[in-house]
Amino acid sequence: MRKPLVPIDGSASATRALAHALAELRGQAGAEVHLLNVQSPPLHPFPGKLVSPDLINQELRREGHAMLDQAEASVSGTPIADVRHVRHVRIGRPADEIAACAAEQGCDAIVMGTRGMGTVAGLLLGSVATKVVHVTQLPVTLVK
């Protein structure tokens with residue numbers, strides 16, 4: 001693994017996934033980690049009738065970058081400064097956007113956290129991690 005994609009959703013498990021990826025990359029010349037936050041679009045069209053879609057997307061992207069800032073700060077003192085990292089914010093369905101971004105950026109793995117919803121909640125709601133495993137051809141490391 002030299003170029004992993006790490007989805008960041010603000011959870012503690014996403015922060016642990018980032019720390020894990022950075023530890024794996026330590027000492028590897030040319031290593032590069034891609035940090036991705038996916039913002040879900042509004043479910044109801046009502047906000048788009050009051051505010052322009054561009055303004056909504058701008059706000060979603062701002063929130064995504066704030067979440068990436070928070071993740072970077074949470075691993076300060078770790079080797080993130082030693083590893084080249086690229087930030088991405090996308091809007092859409094999380095699992096599809098994670099797989100698409102990893103493919104577009106030429107990543108060789110996905111390292112992501114799991115929220116640990118449990119069996120019943122996972123079956124009812126579905127899991128982004130489970131969906132990513134099914135929609136990508138890349139190896140996926142899940143960090144609890």
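In which sense do strand 1 and strand 2 pair, and over how many bridges? In this predicted model, strand 1 pairs with strand 2 (residues 32-39) in the parallel sense, and 3 bridges connect them.

**Figure 1. Overall fold of the predicted chain.** The chain contains 6 helices and 5 strands. Their order along the sequence is β-α-β-α-α-β-α-β-α-α-β. Of its 144 residues, 36% are buried. Among contacts with a separation of 6 or more, 76% are between residues 24 or more positions apart. The exposed surface of the chain amounts to about 8200 Å², of which carbon and sulfur atoms supply 56%.

**Figure 2. Close-up of the residues of strand 1.** Strand 1 covers residues 4-7. Pro4 and Val6 point one way from the strand, while Leu5 and Pro7 point the other way. Pro4, Leu5, Val6 and Pro7 are all buried.

**Figure 3. Pairing of strand 1 with strand 2.** The two strands run in the parallel sense and share 3 bridges. Leu5 of strand 1 has His34 as its bridge partner in strand 2.

**Figure 4. Pairing of strand 1 with strand 4.** Strand 4 comprises residues 109-113 and runs parallel to strand 1, to which 2 bridges join it. Here the bridge partner of Pro4 is Ala109. Strand 1 is thus shown with both of its partners described here, strand 2 and strand 4.

**Figure 5. The β-α-β unit that begins with strand 1.** Strand 1, helix 1 and strand 2 form this unit, which is right-handed. Helix 1 spans residues 12-25.

Conventions: Residues numbered from 1 in each chain as written. Predicted model: local features only at pLDDT ≥ 70, side-chain atom pairs only at ≥ 80, totals over all residues. Heavy atoms only, no water. Helix = DSSP H or I, 4+ residues; strand = E, 2+ residues; numbered from the N terminus. Buried < 20%, exposed > 50% of the residue type's maximum accessible area, 1.4 Å probe, protein only. Contact = heavy atoms within 4.5 Å. Areas by Shrake-Rupley, 256 points an atom, 1.4 Å probe, with all protein chains shown as cover. Pairing = 2+ DSSP bridges. Right-handed = clockwise from strand over helix to strand, strands pointing away.
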